[in-house]
Structure formats: structure tokens, C-alpha cells
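The exercises below ask you to read strand order, helix packing and model confidence from a single chain. Try each task against the structure before you turn to its solution.

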Amino acid sequence: MIAFGPVPSRRLGRSLGINNIPDKVCSYACVYCQIGRTLRMEVERRAFYDPELIFEEVSRKVGEAEAAGERIDYITFVPDGEPTLDVNLSKEVEMLKTLGIPLAILTNSSLIWREDVREELLEFDFVSLKLDAVSEPLWRRVDRPHKSLSLEKILEGMLTFADGFGGKLVTETMLINVDYGDELEKIADFLAELKPDKAYIGIPTRPPAERWVEPADERTIHMAYRLFSERLGGNRVEYLIGYEGNAFASTGNIREDLLSITAVHPMREEAVRELLRKAGADWDVVEELLRDGKLIELEYGGRRFYMRALPSRRKP
């Protein structure tokens, strides 16, 4: 299936997806990939599907969505492999722009060192760049890139692209059960230079390519959030840790509201107390969520924070 959706996305609202790469052709073989192991490692751009076929499939889906009264906020290239491997990407973008819907792309950043790829990415309204590591050993362990790729060239390409991009730029950093040492500080320093509109912190939420992979623990995730926030500002850093609730919207259920917000941002104790006060609830709600293993308590900088627990670590 080339076109699918629209589906709800925290980053993109209602997104109609385009799978422009057959599974699983990629420049990386990430240990945490939730699509499965990479079947073909490639870095040379080539044609996969006829651009006309992609346009026809997307146009049909857009028409069906409109007929059903469904909103589409973005048309998003989010394939089973790396979307910038598609040598026809520019042609596809040119045709899709005639539909009048903003275009987004989620890329692993591996080919952004190429000028032609950067030029094509400039045509998008929303670009998400993967940034799992800025140090060679960790990059090779986690992302397992094609042997011809250079991390230094990729990072330089990201900075060059960001400098000339006028759309919305976000990053996504996947955190797993490895020793990060001072890597999170190094990533935070790079983010300060890159200046994305938003830096997302993710964890695997479905079975990964390698069995040994698990999500990083909550303290590591929280540390990443604090370090990234110190460099970028807290309103530009968010979690993507798998909660599908209606973040930031009041549901009328204080428990759901707390879990929704703390899945995206850690909350200071005083913010939690204020939310409870507005809802006419007391601290017993927090105590219950802590007992049930749905919420965890963390200390940082002399303050107490609350964060939604990861599903894999909840009490049975």
C-alpha cells in the first residue's frame, strides 16, 4: 500500500502517509527498528515506484477523505525504508503540491550530506531528522549505518540544511538500553547549534529488530529532557513515549489528563498540584497513580517531577 490514512499523529495532526520505499530498503539497520530488520542496505538513490502511481494513489485517498469529511493536515513521506533513497522524490513533491496540502517527511538524515537531497528537502513544509547519536561508536552500535556513510558529513549536512530551511524542522532521538555516558550532553550541544523548532525524545513502543533492545529507563529519558531543554527551552522538547491520549486537552478525567500531559512533558510538583486544584481533586490521585505504577516521581535540580511510567515497566 503506497498511500494510507489519514492517521492521528502528535507531531502532524491528521497525516496521510506515503510509503515510497518497499520494505525494507534502508541506509541504516537500526537495532530498535519496529518495522523489522533491514533486508537491503543501500545508499545509492534509485527509482522505486512510478511518480504518477504515487500521485494517483495519494489523490484517490485525499478524495476519499474529503468525501468522508476527514481533515488532512499533512501528506507525509513515512515509508518502510529511508524516503530520500527515492531518486524521484523531487518529481513526487512537485506533483503533490498541486493538492494544496502541506508536505512532511520523516528521514533518518543519512543522505542529508548530499546537496541534491538537501535541495529536495527544502521543498517540504515539515522535516523530521533522526539524531540518535553524535559520537561514532554509539551511532554505529545503535543505528548500524551502511559502511560508506560518515557521521561527520551527516551532522555537517544537517547544520547546512537547517540554516537554509524555512519550514518546520524537528528532530527525533530514540533512547534505548545502552550506556550513554556523556552522549546526551553532546547531543544537547548539537541541538543548540541546529536550533530545531522541536526536539522529540522517543522510545521503542513495538517489538524491535533486535531482541536485546528495550526502552531506556525513565531517569535516562528525563535526563535527556532536562539537558535538551536547558539548550533549547522546555517548550521545544517533547516526549514520544507511546501514550495515545489526547495530550493537553482536558478530558474531564484528572487521571487521564495527568497521564496525557506527563507522557509529553514532565510536570513539576507545583504544576501537578495546580492542575489538581483546578479539577477539584486532591493528591490522592497522584498517590494512586504512583501505586499503580502508571506515574513515577523523579528528583532533578532540587525539584520534584512527575512523569508517565513506560508501559514495559509498569507493575503487573
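**Exercise 1. In this predicted model, determine how strand β8 is joined to strand β9, and which residue of β9 stands opposite V170.**

Solution. Begin with the bridges: five of them join β8, residues 168-174, to β9, residues 198-202, and the two strands run parallel. Within this pairing, the residue of β9 that stands opposite V170 is K198. Next, look at what packs on the sheet here: helix α7, residues 218-232, touches β8, β9 and β10, and the direction of α7 makes about 155° with that of β10.

**Exercise 2. Follow the other end of the sheet, and work out how β1 is joined to β2 and how β2 is joined to β5.**

Solution. Step one concerns β1 and β2 (residues 13-18), which run antiparallel and are joined by five bridges; a hairpin connects them through three residues. In this pair, F4 has G17 of β2 as its bridge partner. Step two moves to β5 (residues 74-77), which runs parallel to β2 and is joined to it by four bridges. Here G17 appears again, with T76 as its bridge partner in β5.

**Exercise 3. Give the strand order of the whole sheet, and state which strands lie at its edges.**

Solution. The sheet is open and has eight strands, in the order β1-β2-β5-β6-β7-β8-β9-β10, with mixed pairing. Its edge strands are β1, residues 3-9, and β10, residues 237-240, each of which pairs on one side only. Finally, consider the twist: on average, and with direction ignored, neighbouring strands of this sheet are turned by 25° against each other.

**Exercise 4. Classify the packing of helices α5 and α6, and describe the residues that make the contact.**

Solution. First take the geometry: α5, residues 151-164, and α6, residues 183-194, pack at an angle of about 30°, and their axes are 9 Å apart. Because angles under 35 degrees count as roughly parallel, α5 is roughly parallel to α6. Then list the contact, to which α5 contributes L155, M158, L159 and A162, while α6 contributes F190, E193 and L194. Sorted by character, the residues of this contact comprise six nonpolar, no polar and one charged.

**Exercise 5. State how the chain is divided into domains, and where the confidence of the model falls under 50.**

Solution. The domain assignment gives domain 1 as 3-240 and domain 2 as 254-313, and the centres of the two, taken over C-alpha atoms, are separated by 30 Å. For the confidence, start from the chain as a whole, which averages a pLDDT of 88, with 92% of the residues scoring at least 70. Over residues 243-251, however, pLDDT stays under 50, and the model has 20 contacts beyond four places in sequence for this stretch. Residues 312-316 also have a pLDDT below 50, with 14 contacts in the model beyond near neighbours in sequence.

Conventions. Residues numbered from 1 in each chain as written. Predicted model: local features only at pLDDT ≥ 70, side-chain atom pairs only at ≥ 80, totals over all residues. Heavy atoms only, no water. Pairing = 2+ DSSP bridges. Axes fitted to C-alpha atoms, helices over the stretch in contact; angles between N-to-C directions. Contact = heavy atoms within 4.5 Å. Domains from an automatic or database assignment. Parallel < 35°, antiparallel > 145°, perpendicular 65-115°, else oblique. Nonpolar A, V, L, I, M, F, W, Y, C, P; charged D, E, K, R; others polar. pLDDT = per-residue confidence, 0-100.
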